[in-house]
Amino acid sequence: MKNLQLSLTLTLGLLALPTIAFAQTVRSGSGANAAAITGIRDTFRTDLGGGAVAGANGSFGGVRREINWDGVPATQSAPNNLAANFFNVNSPRGAVFSTAGTGFMVSSATTDAGAGQPAAANFGNINATYSATFQTFSAQRLFTSLGSNVYDVNFFVPGTATPALVTGFGSVFTDVDILGATTIQYFDAGNASLGTFNLPTADFGLSFLGVFFPTAQVSRVRVTQGNVALGAGVNDGGGNDVVVADDFIYGEPVANTAPEPGTLIFLALGGTLVFVRRCLKN
């Protein structure tokens, strides 16, 4: 009977494992300009690791990736759309974007040339007021979804279609006015939420949020930028919080080789049933 009780106790413990929350480290800060948040950004860089010297495709030491948008070519910049898989195909960094909106855009730079370029700075091509509303963390380009203020960043082994996990994700945002309107939600390989985190506010300034986990367990993040999508008649203020993003920072995407929680439960139950049957025979 003691063996049976021990077996049942172990089974209950194993069943509880998938619900155990892994401790995370949250880094956030905001201020009037880039200098105000550089320190907290650098702390998050240290959490992820990889040093300060970038390699090919934004790789830092093989353990961290970064996207600052500034290397995006004119053909993929405003007024042109950015391909959702640009940072897994053209510049393979293991990030693919998705949205219920109409696509994605990277703002123009003064060096752009072509039809309609250089477009007005900071998405001024969408709404002239945005050129003064937004500032950059790393000049000159910014990033946004179009037709929706919500988008997902899905992680893959860079340059492949193999789903991947990262240890954390962080981003810089510009002109966060309303607390709780701009958030990052993290999901694991089973699509369970690992938590939703608010960006600190900085009217006409810059905000940063990064969340680091002790193991690679983040399969995607959902970003909500403000409470409205960018638009020709959508000015910031008066209840509208129009927000766009600058630098993305995240752990090196690695293939998920761990068994799914359901598999662990099945194996645990199978082993326990065998053990119980042996106990009953004795």
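**Packing of helix 2 and the strands around it**

The buried residues of helix 2 pack against strand 1 (25–31), strand 2 (59–60), strand 3, strand 9, strand 12 (202–212) and strand 14. Here, contact denotes heavy atoms within 4.5 Å, and buried denotes under 20% relative accessible area, with exposed over 50% and partly exposed in between (1.4 Å probe, protein chains only). Helices (H or I, at least four residues) and strands (E, at least two) are DSSP runs, numbered from the N terminus. The model is predicted: local features need pLDDT of at least 70, side-chain atom pairs count only at pLDDT 80 or more, and totals for chains, interfaces and linings use all residues. Residues are numbered from 1 along each chain as its sequence is written, and side-chain values use heavy atoms, with hydrogens and water left out.

The buried positions of helix 2 are Ile37, Arg41, Phe44, Arg45, Asp47 and Leu48. The 15 residues of this helix should span 21 Å at 1.5 Å a residue, the expected span being 1.5 Å times one less than the number of residues. The end C-alpha atoms of helix 2 lie 20 Å apart, which agrees.

Strand 3 (residues 64–67) pairs with strand 14 in the antiparallel sense over four bridges, where pairing requires that DSSP finds at least two bridges between two strands. Within this pair, Phe248 of strand 14 stands opposite Ile67. Arg64 and Glu66 point one way from strand 3, Arg65 and Ile67 point the other way, and all are buried. Strand 3 also pairs with strand 2, in the antiparallel sense over two bridges, with Ser59 opposite Arg65. The hairpin of strand 2 and strand 3 has three residues between the strands, and Gly61 takes a positive phi near 65° there.

Strand 14 (residues 244–251) is mostly covered, with eight of its eight residues buried. Strand 9 (residues 168–176) pairs with strand 14 in the antiparallel sense over five bridges, and Ile249 in strand 14 is the bridge partner of Gly170.

The second largest pocket is lined by 16 residues, of which Glu66, Ile67, Asn68, Trp69 and Arg93 lie nearest its centre. Helix 2 (34–48) and strand 3 are the elements that give two or more residues to this lining. On a 1 Å grid over the protein atoms alone, a pocket is an open set of points where a 1.4 Å probe fits, with protein on both sides within 12 Å along at least five of seven lines; lining residues have an atom within 4 Å of a point.
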